[in-house]
Amino acid sequence: MKTTVRSNRTLDSFFGTRDENIRVLESGLGVLMRLTSDAFEIEGDEAQVARAERIVLDYLNLAENGQRLPAADLTSYLRVLSADPSVTFKELVDSGKNRNFGKRTVVPKTVNQRVYLDMIEKLHLVIGVGPAGTGKTYLAVAMAVSALLNKQVQRIILTRPAVEAGERLGFLPGTLQEKIDPYLRPLYDALFDMIEGDKVEKLMERNSIEVAPLAFMRGRTLNDSFIILDEAQNSTPEQMKMFLTRQGFNSCMVVNGDLTQIDLPLGRRSGLQDAVDVLHGVDGIGFVYFDERDVVRHPLVQRIVRAYERYGEMNGAGRQMALKLEQPAETPAAAVPDKPPEPGPAPN
């Protein structure tokens, strides 16, 4: 099937840098697109051509109503639209406008990211599992900032286990806060990306934003809070249970982690894996599983994640790149000496 959309100057911005957006739709929907002198042609399967046409017409409608989309956001929207037929262009744009993320506009770049944001908005506990670079921490912090700025909660609490990534850092000088700050730096980075630095400091002074190690959560009840546990794969089952039972009224809790990057001592079970197994099917808890298609860092990161996954599948899950120990050969059982003969009767 072939259809035609009348070309105009508004449509020029739709194509993207070097027609990047056209390639996104062609690969995502399996259609062919070409620009003629006065029209934009779409050819392929009838259902997919209809979807592509609807996307283009929705974009034109938004543009004619004064909606201007940054190039990177437009490409992200098109990736989601080509992968998820249940969502419309207007719904995606409106969802971003309705959330106040401080100085940033946050746009879901994949279907799983959109599901993740929707779950955080609707549920009280969301668990995100997936590889590095899929936006788990950044999006969770963005939703926390949005909830705080919109006065849906009174404070943000960011926490993670203070576990070193395969190395011993030894004694760290300074105050208690200065000792734990290196472990929490990724959370600070996301915060400062959303809110001006001086405002973050004021919010932290008023305890509207709290950043602390997981061990400091014991014994607390966290009401009117947005709580994020990052790097949850490095928690123990006991720590995870302790953390999950801190949730109070009018609170939202997000737990994130990557089960392929566990830094616990060998033989210790991950609290994140334990939570996924125990809480599966519990009403009111959402699970989002990211994969390499959701990686939004450098394209090379996608290939690295995929290579490690292939290696793990070939060599068995749970080895974590460790060589199997040789099984010692069985020691033969010690020979049991023959029982000496019974002495005969004594001579007369």
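In the predicted model, serine 208 is in contact with Leu148, Gln154, Arg155, Ile156 and Leu203, when its neighbours within four places in sequence are left aside. Serine 208 is situated in the loop that runs between helix 9 (197-205) and strand 6 (209-213). Its relative accessibility is 13%, and serine 208 therefore counts as buried, the limit for that class being under 20% relative accessible area.

Strand 6, which follows this loop, is paired with strand 5 through five bridges, and the two strands run parallel. Within this pairing, threonine 159 is placed opposite alanine 212 of strand 6. Strand 5 (residues 155-160) is also joined by five bridges to strand 7 (residues 225-229), again in a parallel arrangement, and here isoleucine 157 faces isoleucine 227 of strand 7. Strand 5 is mostly covered, with five of its six residues buried.

A separate description applies to the open sheet of three strands, in which the strand order is 1-3-2 and the pairing is antiparallel. Strand 1 (2-6) and strand 2 (32-35) occupy the edges of this sheet and each has a single partner strand, so that one side of each is left without a neighbour in the sheet. From one strand to the next, the twist averages 20 degrees. Strand 2 is connected to strand 3 (residues 39-43) by four bridges, the two strands running antiparallel, and arginine 34 has glutamate 41 in strand 3 as its bridge partner.

The helices were examined next. Two packed helices are described by the angle between their axes and the distance between the axes. For helix 3 (residues 46-64) and helix 4 (residues 71-83), the axes come within 11 Å and cross at roughly 150 degrees. Because angles over 145 degrees count as roughly antiparallel, helix 3 and helix 4 are assigned to that class; their crossing is right-handed. On the side of helix 3, the contact involves Arg51, Ile55 and Tyr59, which meet Leu74, Leu78, Leu81, Ser82 and Ala83 of helix 4. By class, the residues of this contact comprise six nonpolar, one polar and one charged.

Helix 4 also packs against helix 2 (residues 20-29), in this case at an angle of about 10 degrees and with the axes 9 Å apart. With angles under 35 degrees counting as roughly parallel, helix 2 is therefore roughly parallel to helix 4. Glu20, Asn21, Val24, Leu25, Gly28 and Leu29 of helix 2 make this contact with Leu74, Thr75, Leu78, Arg79 and Ser82 of helix 4. The residues of the contact between helix 2 and helix 4 divide into five nonpolar, four polar and two charged. Leu74, Leu78 and Ser82 of helix 4 are thus listed both in the contact with helix 3 and in the contact with helix 2.

Helix 3 further contains leucine 60, which has a relative accessibility of 7% and therefore counts as buried. Residues up to four places away in sequence not being counted, leucine 60 touches Val5, Asn8, Thr10 and Leu11; of these, Val5 falls within the residue range of strand 1 (2-6). Leucine 60 and phenylalanine 14 are separated by 46 residues in sequence, while their C-alpha atoms are 8.6 Å apart in space.

Methods
Residues numbered from 1 in each chain as written. Predicted model: local features only at pLDDT ≥ 70, side-chain atom pairs only at ≥ 80, totals over all residues. Heavy atoms only, no water. Buried < 20%, exposed > 50% of the residue type's maximum accessible area, 1.4 Å probe, protein only. Contact = heavy atoms within 4.5 Å. Axes fitted to C-alpha atoms, helices over the stretch in contact; angles between N-to-C directions. Parallel < 35°, antiparallel > 145°, perpendicular 65-115°, else oblique. Left-handed = near helix turned anticlockwise from the far one by under 90°. Nonpolar A, V, L, I, M, F, W, Y, C, P; charged D, E, K, R; others polar. Pairing = 2+ DSSP bridges.
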